[in-house]
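Me: I am new to this structure and would be grateful for a close look at a single part of it. Please describe one helix and its surroundings in a connected account.

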Amino acid sequence: MTDITTARRSFEQALAAAITEEQAYDALCALTKATVGAKLFTVMTADMDAMVARRTYTDDAENYPTTGTKPIEMNRWFEQVHGRHETFVSNSLADIDTVFPDAELIGRLGCGSVINLPVILGGKMVATVNILHEEGYYTPERLELAHEVMRLPAMAVLALVA
C-alpha cells in the first residue's frame, strides 16, 4: 500500500464520519498535506451575483479567518480559474503579488508558491481549493499529483457542504 493509498483511505473514512462542514474540510486538508504538501490550506467560494469571495475553510484562522468576504477582482487569475476553469499555479512570491493583494502576508507565513484548484459542480465553478507552500514547491510533478489526488475528493466535499 502506497502513502497515497493510505491517505485516500484516511480521507474516505474521515469524510464518511464527518457530521459538520469543518470535519469534511478537515479531511480534505489532511489528504492534501499528506500527499501534495501544504503550509497553508484554504477553500474559497464565489458569489458571482454579488461579486464577492468568501473563505469557507482555513487551517490558519489567525491569519486567514473565515469571517467576511472580499471583492472578486477581474484579472488574469480570474479569467484562468473562473473563466476557463483551469488550475492556477505560481511558484514565486513576485508572481503571486501580481494577482493577490495579500502577497506580503503570504510571504511572512513562509509561503511563496500556490495552487488554486477550481472545484466544478454542475458545470459551474463553486469554489477554489488553495494550497500554499514555500517558493518553488509546486513542481509539474506535484501539480499533476494535486490534480490526480485532489479533484474528486474536493468535488465530494463541496457537494456535501453545499
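Reply: The account below follows one helix, beginning with a residue inside it.

The model is predicted, so local features need pLDDT of at least 70 and side-chain atom pairs count only at pLDDT 80 or more, while totals for chains, interfaces and linings use all residues. Residues are numbered from 1 along each chain as its sequence is written, and side-chain values use heavy atoms, with hydrogens and water left out.

H147 has its place in helix α6, residues 140-161. Helices (H or I, at least four residues) and strands (E, at least two) are DSSP runs, numbered from the N terminus. With a relative accessible area of 17%, H147 is buried; the term means under 20% relative accessible area, whereas exposed means over 50% and partly exposed lies in between, using a 1.4 Å probe and protein chains only. The side chains of H147 and R151 are joined by a polar contact of 3.5 Å. Such a contact is a pair of N or O atoms within 3.5 Å; within protein, one must be able to donate a hydrogen and the other to accept it, and residues adjacent in sequence count only if both atoms are side-chain atoms. Apart from its neighbours within four places in sequence, H147 is in contact (heavy atoms within 4.5 Å) with T87 and L117.

The helix as a whole may be considered next. The end C-alpha atoms of α6 are 30 Å apart, which agrees with the 32 Å that its 22 residues should span at 1.5 Å a residue; the expected span is 1.5 Å times one less than the number of residues. At M150, α6 bends by about 45 degrees, and the proline P153 follows within four residues. This bend is the angle between axes fitted to the seven residues ending there and the seven starting there.

Besides H147, the buried residues of α6 include L145, A146, V149, M150 and P153. Also among them are A154, V157, L158 and V161. The buried residues of α6 pack against two helices, α1 (3-17) and α2 (21-35), and against the strands β1 (40-47), β5 (113-121) and β6 (124-133).

Two loop residues complete the account. M51, in the loop between β1 and β2, has a positive phi of about 60 degrees although it is not a glycine, and M51 is partly exposed, with a relative accessible area of 28%. H85 is found in the loop between α3 and β4 (88-90). Its phi is likewise positive, near 60 degrees, in a residue other than glycine.
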